[in-house]
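Colleague: I would like to talk through how the interior of this model is put together, beginning with one helix and moving on to the packing around it.

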Amino acid sequence: MKGPRGWSFRGVAVDARPGSLVTIEGPSGSGRTCLLLALTGRMRPTEGRAEVGGLALPRRMAAVRRISALGPVPGVSDLDPALTVAEHLRERALLQRRFDGSPLALLRPRRERAAASRARVEAALSAAGLDLDALPKAGRTSVRDLERLEALRLSIALALIGEPRLLAVDDADLKLSDTDRAEAWALLRSIADGGTTVLAVCSEAPGGTVAIRTTASETETGTGTGTGTADETDTEKGAADALAETGRA
């Protein structure tokens with residue numbers, strides 16, 4: 001992907017099975033977020049091709065968006081600090097019913113649809129390891145009062161409500177203590193073990209992942225088959241420009 005000031009990323013090759021934990025490791029500004037958004041159908045690449053869940057990119061970007069979901073991605077899928085946890089969950093469930101559900105589902109009785117929606121929310125919270133009763137004010141807890149790991153769990157739960165085949169998480173280890181970082185990676189591994197492919201941007205990837213390691217000048221092969229380059233001195237500005245051109249996905 002190339003922006004007005006240079007390449008955001010280039011020459012990336014990765015092969016991962018369904019249910020893999022794929023990491024994009026490197027410093028901020030090395031094209032990590034642009035690559036994540038490209039692989040989830042949110043940004044159109046300049047050249048090259050990819051296949052996600054049997055769907056070709058960039059030709060079938062809309063189809064890839066339907067099978068993928070974004071966890072926390074700064075500037076794209078941020079939580080609203082003014083809303084409570086329960087408000088976020090209700091909003092996401094409503095959007096899921098209105099825009100992502102099957103047209104036939106709209107013919108089901110309202111009570112049945114509401115029960116199915118509650119079941120999805122509960123399953124997503126369980127998979128994300130977020131216990132509402134453990135929060136200071138339960139579901140009425142404001143997002144601004146959440147700890148970093150709790151906010152990460154909430155963002156992931158919101159993404160999982162749509163039951164995606166691919167979950168993308170940006171800055172998975174940002175501002176986490178060693179203990180919280182270990183919990184975050186355990187969470188992402190458990191989601192991958194459940195069959196959902198996880199794509200996570202991080203500054204330092206744990207072992208046992210399919211890793212793409214980026215720097216401002218090159219990308220080296222990591223665990224698995226991930227390779228790539230981001231070989232312009234203006235990579236950080238180029239990535240920012242490319243993200244800005246995309247809008248808010």
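Modeller: The buried residues of α1 are R32, T33, C34, L35, L36, L37, A38 and L39, where buried means under 20% relative accessible area with a 1.4 Å probe and protein chains only, and helices are DSSP runs of H or I with at least four residues. This is a predicted model, in which local features need pLDDT of at least 70, side-chain atom pairs count only at pLDDT 80 or more, and totals for chains, interfaces and linings use all residues. Residues are numbered from 1 along each chain as its sequence is written, and side-chain values use heavy atoms, leaving out hydrogens and water.

Colleague: Which residue just after α1 takes a positive phi?

Modeller: Helix α1 covers residues 32-39. Just after this helix, a positive phi of about 80° is taken by G41.

Colleague: Which element gives the most to the largest nonpolar core?

Modeller: A nonpolar core is a set of buried Ala, Val, Leu, Ile, Met, Phe, Trp, Tyr and Cys residues joined through side-chain atoms within 4.5 Å. The largest one has 38 residues, with L89, L154, I156 and L188 having the most contacts inside it. Among the elements giving two or more residues to this core are α3 (85-100) and α5 (148-160). With nine residues, the element that gives the most is α5.

Colleague: Is S117 buried or exposed?

Modeller: S117 lies in helix α4 and touches A93 and R97, not counting residues up to four places away in sequence, where contact means heavy atoms within 4.5 Å. Because its relative accessibility is 9%, S117 counts as buried.

Note on methods
Buried < 20%, exposed > 50% of the residue type's maximum accessible area, 1.4 Å probe, protein only.
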